[in-house]
Amino acid sequence: MRIMIASVIVVVLTDIAAAQDAERPIYSDRRSYPISMDAGITAGMALGDIDGDGDLDLIESNGRHWAHASYVYYNADGRGFTKRVQLGTEQTTGYRVELVDMDGDGDLDAVMAADRLANKLYINDGSGTFSETHDFGTAQSNTRSITVADLNSDGVPDVLEICRGTPNNIFLNDGKGGLTLAGSFGSLEDSTLDVAVADMDADGNPDLVLANRDGQQNMILLGKGDLTFKTAIPYGSGSDDTRGVAVADMNSDGRLDVVIANINSPNAVVFNSGTTQFSEQVLFGGSTRSYAIKVADLDQDGDTDIVIANVGEKNQVYLNDGTGVPVPHAAFDGADARTYALALGDINGDGKLDIVTGSSAARNMIFYQW
């Protein structure tokens, strides 16, 4: 009889623990750690195995409108970022940064946008040291972001330079990291801050999904495979102040949808109807000040979830209900968060995606998944 009672107690306690785990958000401030104690001016974050030791390292791009040092953080065998060095010899007006093998040698190079300064390509020497720097673009560009993607389908990554009030430029890669100006997209009137590259109309050619600020109409520019993007498809409300964009099949219908982060209006999932119409949308987040967005399957249930970076309020995680509707799940960081950049990756090697935040006048943080 005693054995039976003990068994019942064990089962009950196990059920209670399982219920508590099911109710607990997968991210919270209780499992967070500062990347450094600095309160910098961060506008870009990128994760990747820079030194080839099997864990994720970090590039932190700093500056925005003011010259500032950017840094490389090295992960100590999945136990966190325990060493950092300055990226390059110059302090720059750094914005977005991406880690991509630009020269085809098998390691990750760093591509960084810079405002009113030539953009930077930092070449990895194979050991995680960026010993060589190449400039592309000019100081006459008001650069706000870069997007790296294969634009001419030659198997090597190219670069889109996204500017405000100066031309948005296309730089083609020669396969060895040499970037040559090959054209532009959009117009000088565009206030574009972010661009996602994806085949939105399923014709085999890359298209450009523009996130526009200042209440401008957001647009999808359809590509023809020849580096021209002339056909424009509107999406969103028409007056969104959009700061970030991501593309994913949110409702599992085989078509790519658009997710946008807005200021002073709700964020939105805009569904692809398959007829180059993007009119049906689901709003989420209320009237926010959202500056960045990342999408991934955070809870490993097979659909795509959303992380939103906010300024002046907590950052948010939304889980997909399976139909593309974002359900509020977790709020993290302070009520006065000043987050301008996000990165997702398994930093501690437990098989779960962690969130890295890049902030202005606040510490950058890692939020580990439970």
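The following exercises, with worked solutions, concern a predicted model of a single protein chain.

**Exercise 1. Overall dimensions**

Determine how the radius of gyration of the chain relates to the globule rule, and describe the extent of the C-alpha trace.

*Solution.* Begin with the secondary structure: the chain contains one helix and 24 strands. Next, take the radius of gyration, which is 21 Å; the globule rule gives 21 Å for 370 residues, so the chain is as compact as a globular protein of that length. Finally, consider the principal axes, along which the C-alpha trace spans about 80 × 50 × 40 Å.

**Exercise 2. Burial, surface and contacts**

State what share of the residues is buried, what the exposed surface consists of, and what share of the contacts links residues 24 or more positions apart.

*Solution.* Apply the burial cut-off of under 20% relative accessible area. By this criterion, 52% of the 370 residues are buried. Turn then to the surface: about 15,400 Å² is exposed by the chain, and 51% of this area comes from carbon and sulfur atoms. For the contacts, consider those with a separation of 6 or more; residues 24 or more positions apart make up 43% of them.

**Exercise 3. The sheet E5-E6-E7-E8**

Establish the strand order, the edges and the twist of the sheet that contains E7 and E8.

*Solution.* First, write down the order: four strands, E5-E6-E7-E8, form an open sheet with antiparallel pairing. Second, identify the edges, which are strand E5 (94-100) and strand E8 (130-136), since each pairs on one side only. Third, note the twist, which averages 20 degrees from one strand to the next. Fourth, examine one pairing in detail: strand E7 (residues 119-124) runs antiparallel to E8 and is joined to it by six bridges. Within this pairing, Asn 119 has Phe 136 of E8 as its bridge partner.

**Exercise 4. Strand E15 and its neighbours**

Explain why strand E15 may be described as largely enclosed, and characterise its pairing with E14 and E16.

*Solution.* Start with burial: of the five residues of strand E15 (residues 218-222), four are buried, so the strand is largely enclosed by the rest of the structure. Next, consider strand E14 (residues 207-212), which pairs with E15 in the antiparallel sense over two bridges. One bridge partnership here is that of Val 209 with Ile 220 in E15. The two strands form a hairpin with five residues between them, and Asp 214 in the turn has a positive phi of about 65 degrees. Lastly, E15 is joined to strand E16 (residues 231-235) by five bridges, again antiparallel. In this pairing, Met 219 stands opposite Pro 234 of E16.

How values were computed:
Residues are numbered from 1 along each chain as its sequence is written. This is a predicted model: local features need pLDDT of at least 70, side-chain atom pairs count only at pLDDT 80 or more; totals for chains, interfaces and linings use all residues. Side-chain values use heavy atoms; hydrogens and water are left out. Two strands pair if DSSP finds at least two bridges between them. Axes are lines fitted to C-alpha atoms, for helices over the stretch in contact, and angles run from 0 to 180 degrees between N-to-C directions. The radius of gyration is taken over C-alpha atoms; the globule rule is 2.2 Å times the number of residues to the power 0.38. Buried means under 20% relative accessible area, exposed over 50%, partly exposed in between (1.4 Å probe, protein chains only). Contact means heavy atoms within 4.5 Å. Accessible areas come from the Shrake-Rupley method with a 1.4 Å probe; for residues, only the protein chains shown count as cover.
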